[in-house]
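Q: I am new to this structure and would be grateful for a close look at a single part of it. Please explain each term as it arises, and then set that part beside another for context.

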Amino acid sequence: MEAYFAYLNDLLNTNKSEFGAYPQINWINRYKESEALDKRAKLINSYSDSSLFKGTKLFHKQISKGCLMCGMGYWTCLFITSRCNAHCFYCPAAQLKDEQPESQGLLFPSADSYAEYINFFGFKGVSFSGGEPLLYFDRTLEYLKKVRSKCDNSIYIWLYTNGLLADEQKLKKLAKNGINEIRFDIGATHFSLDHVRKAKGIIDNVTIEIPAVPEEKDKIISLLPEMIKAGVTNFNLHHMRLTHYNAPKLLKKNYSYLPAEHPLVFESELTALEILDYARKHDIELGINYCSFDFKNRFQKAGFRKQILHKLGKDDDYITDNGYIRKSNENELQYETIRLTEKSKTDGLGLMKEELRLRFKSYDQIRMPVSSKMNIPPGKTMEMEELLKRHNAPIPSDPLLFEIWKYEFIEEKLRQY
């Protein structure tokens, strides 16, 4: 595991460097927080039989169909607007102005362009988010109608909202035009269920989706029976993370931070695990899932990469479990990907690109390396071949094999610290 520990140490150093303007950040310390870390490990291990996606998504009872599609890579999320009318302290971005509908860095100026994108890549799940999509309800409705009329009838569609603008008329229009699920962030409304109750009996699947806020744990637990009465079928908890935007607010609180690909609030994960534990011990009749950062960072990204590669790659491309193209030549190995971009973002950069021309919009597709060329010495050839034969290989200790493993496989389970 030496190479893996070196990787984790590099993440810590990168986090510290990126957030060097905040020397007050309390990075998790095994010696200071040993009791809390041991509690986390115990809670995680207790869910070994109630987890999905290689142990990164822990759940109680069931999870939403949309969440399953997300993990399998069949999901596309359209940010209807970048503007929001709430001011949640945990929000990772400013969300102050309206911008064109966007997904994965791609702009969709018309509903037709988004529908053909869904059809071309074969997405089976679609969500509308923001910002706050109900701020621009007519726009949201337009895109919803187009997806329903132009795409496969089996597509599962859901919408994220803080609920502030949700009223019976809007909810009925969403239901009439084919919304399968609505997800409320009640953290934006001081954990009120008033807006959530409005959707009961109108939209088939009502979900509450919030970050696991440590200081609100007891309040959230007390609300679980009320959620059921309000018609909620699923409850999703997210891992709070530190960004440059929310740092001034988060750092006023006594949180500890986990060094990952982005800094994470340690107590937020512990809160989610404790809520899950409570629900199981009291047999709460509500589907609850912990949408961990590890799940999102691994499965959402790998799923999208694979969806693009299966459509745009060559017939002889070998696509790894982690969603990269493996290129091998004698004793040399390299990994590539294909990125879909706006044409305006690549003009004049001298990149090797091809045009993807659809009816309503054209894109640039760029095939590019994501790793350096790795020379495999004769003494490592057999070990490398054994590694590549594995369906899900354990993490190698050797630095070269670990570098290969990173591109081949999706890391299992929630990380231990």
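A: The answer below examines one strand with its partners, and then turns to a pocket and a helix.

The model is predicted, so local features need pLDDT of at least 70 and side-chain atom pairs count only at pLDDT 80 or more, whereas totals for chains, interfaces and linings use all residues. Residues are numbered from 1 along each chain as its sequence is written, and side-chain values use heavy atoms, with hydrogens and water left out.

The part chosen is strand β16, residues 332-341. Helices (H or I, at least four residues) and strands (E, at least two) are DSSP runs, numbered from the N terminus. β16 is mostly covered, since 8 of its 10 residues are buried. Here buried means under 20% relative accessible area, exposed means over 50%, and partly exposed lies in between, with a 1.4 Å probe and protein chains only.

β16 has several partners, where two strands pair if DSSP finds at least two bridges between them. With strand β15 (residues 325-329), β16 pairs in the antiparallel sense over 5 bridges. In this pairing N329 has E332 of β16 as its bridge partner. The hairpin of β15 and β16 has 2 residues between the strands, and in it E330 takes a positive phi near 55°.

E332 also stands opposite N375 in β19. That strand, residues 374-375, pairs with β16 in the antiparallel sense over 2 bridges. A further partner is strand β18 (residues 362-369), again antiparallel, with 6 bridges to β16. There R339 stands opposite I366 of β18. In a regular strand the side chains alternate between the two faces of the sheet.

For context, the second largest pocket has a volume of about 480 Å³. On a 1 Å grid over the protein atoms alone, a pocket is an open set of points with protein on both sides within 12 Å along at least five of seven lines, while a cavity is a set where a 1.4 Å probe fits but cannot get out; lining residues have an atom within 4 Å of a point. Grid points are joined across faces, edges and corners, and the volume is the space filled by probe spheres set on the points.

This pocket is lined by 25 residues, of which K54, E412, K413, L414 and Q416 are the closest to its centre. The elements that give two or more residues to this lining are α1 (2-18) and α2 (34-45), and the largest share, 3 residues, comes from α1. By class the lining has 14 nonpolar, 6 polar and 5 charged residues. Ala, Val, Leu, Ile, Met, Phe, Trp, Tyr, Cys and Pro count as nonpolar, Asp, Glu, Lys and Arg as charged, and the others, Gly among them, as polar.

Of these two helices, α2 can be described further. The end C-alpha atoms of α2 are 16 Å apart, which agrees with the 16 Å that its 12 residues should span at 1.5 Å a residue; the expected span is 1.5 Å times one less than the number of residues. L37, R40, A41, L43 and I44 of α2 are buried. Seen down the axis, the buried residues of α2 fall within an arc of 165°, so they line one face of the helix. The arc is that of the directions from the helix axis to the C-beta atoms. The face of α2 turned away from the buried side carries the exposed residues E35, K42 and N45.
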